[in-house]
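Visitor: I would like a short tour of this model. Can we take the strands, then a few single residues?

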Amino acid sequence: MDDTNDAKDAQRHTGFRRIEGGLHRTETMNGVEVVLGPEHQPPFGIEAKVEEEDTCLVLSTPADIVVTLEHPIRVMTEVRAAEPLVPGSVIAREGAPLHLLAIVHDLDQEPSWKEAWVKKALDGALEEAEARGLRTIGLPMIGSVHGSLSPERFMLLLRDVLQRFAPRALERIWLISKP
C-alpha cells in the first residue's frame, strides 16, 4: 500500500489528516481546530494546559522533599483536615500557562478513574477556557495518562463534548500525544 492510501486510511479511522513534513495531525471539531502532536514539539503556543489529576492532588505533587519551617504536627493536622476534591471537577492554578487540573482519579478506588469523570472534566476544562476567554489550550488524553482509557475512546468523548460545546473564544486545542 502506498503513502497516499495509508494517509487516507488513517483519516478515515481517526478523523485526523496528516500534515506533510510534520509530526502533527489536525481535525476541526465544531469550529475548534484540534491538532494532535507530541509533547516535545508543540504545534503552537498555549494559554492553558489541562493536567490529569486525582482527588487529593497526589499526581501533581513534586517528588522533591520540601523543607518547611512549620511544625510537623500543624502540617499533619492540615493533611488530615483536607477534603478530597470532587471527581470530574476542574481546578485552575494560575501561571503561564494556566494549569487546569482535571480531577479524574480517586486513588481509593479500583480502577481509579471513570469515563463519566473524564467527560465531566472535559466539559469543565472547556467551560473554564471559555470563561477566561482563552483561544488555545493543551490537552493530554486525560484518563489515559495515568489510567487505561483508550485513545480511541478518549477521542469519542472529546468529539461528543465539542459537539455540545458552543465556542466563542476557543480556537485551537493541542491534543498532546503520549511519547
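Visitor: How many bridges join β4 to strand β7, and in what sense do the two run?

Guide: This is a predicted model: local features need pLDDT of at least 70, side-chain atom pairs count only at pLDDT 80 or more, and totals for chains, interfaces and linings use all residues. Residues are numbered from 1 along each chain as its sequence is written, and side-chain values use heavy atoms, with hydrogens and water left out. Helices (H or I, at least four residues) and strands (E, at least two) are DSSP runs, numbered from the N terminus, and two strands pair if DSSP finds at least two bridges between them. Strand β7 covers residues 136–140, and it is joined to β4 by two bridges, running parallel.

Visitor: Which residue of β7 is the bridge partner of Ala48?

Guide: Ala48 has its bridge partner in β7. That partner is Ile137.

Visitor: Over how many bridges do β4 and strand β6 pair?

Guide: Strand β6 spans residues 98–105, and its pairing with β4 is parallel. One bridge partnership is that of Glu52 with Ala102. The count of bridges between β4 and β6 is seven.

Visitor: How many of the residues of β4 are buried?

Guide: Buried means under 20% relative accessible area, exposed over 50%, and partly exposed in between (1.4 Å probe, protein chains only). Strand β4, residues 48–54, is mostly covered. Its buried residues number five of seven.

Visitor: Why is β7 described as largely enclosed, and which of its residues point the way opposite to Thr136?

Guide: Five of the five residues of β7 are buried, so the rest of the structure largely encloses this strand. In a regular strand the side chains alternate between the two faces of the sheet. In β7, Thr136, Gly138 and Pro140 point one way. Pointing the other way are Ile137 and Leu139.

Visitor: Which residue of β8 stands opposite Leu139?

Guide: Strand β8 covers residues 172–177 and runs parallel to β7, with five bridges joining them. Opposite Leu139 in β8 stands Leu175.

Visitor: What hand does the unit made by β7, α4 and β8 have?

Guide: A crossover is right-handed if, with the strands pointing away from the viewer, the path from the first strand over the helix to the second runs clockwise. The β-α-β unit of β7, α4 and β8 is right-handed.

Visitor: Is Gln163 of α4 buried or exposed?

Guide: Gln163 sits in helix α4, residues 151–164. Its relative accessible area is 52%. Because of that value, Gln163 counts as exposed.

Visitor: What is the nearest side chain of opposite charge to Asp54?

Guide: Asp54 is in strand β4. Lys and Arg count as positive and Asp and Glu as negative, while His and the chain ends are not counted. Asp54 is buried yet has no salt bridge (a side-chain nitrogen of Lys or Arg within 4 Å of a carboxyl oxygen of Asp or Glu). The nearest side chain of opposite charge, 9.1 Å away, is Arg93.

Visitor: Which residue has its backbone nitrogen 2.9 Å from a polar atom of the Asp54 side chain?

Guide: Asp54 touches Leu59, Ile103, His105 and Leu107, not counting residues up to four places away in sequence; contact means heavy atoms within 4.5 Å. The backbone nitrogen lying 2.9 Å from a polar atom of the Asp54 side chain belongs to Cys56.

Technical notes. A polar contact is a pair of N or O atoms within 3.5 Å; within protein, one must be able to donate a hydrogen and the other to accept it, and residues adjacent in sequence count only if both atoms are side-chain atoms.
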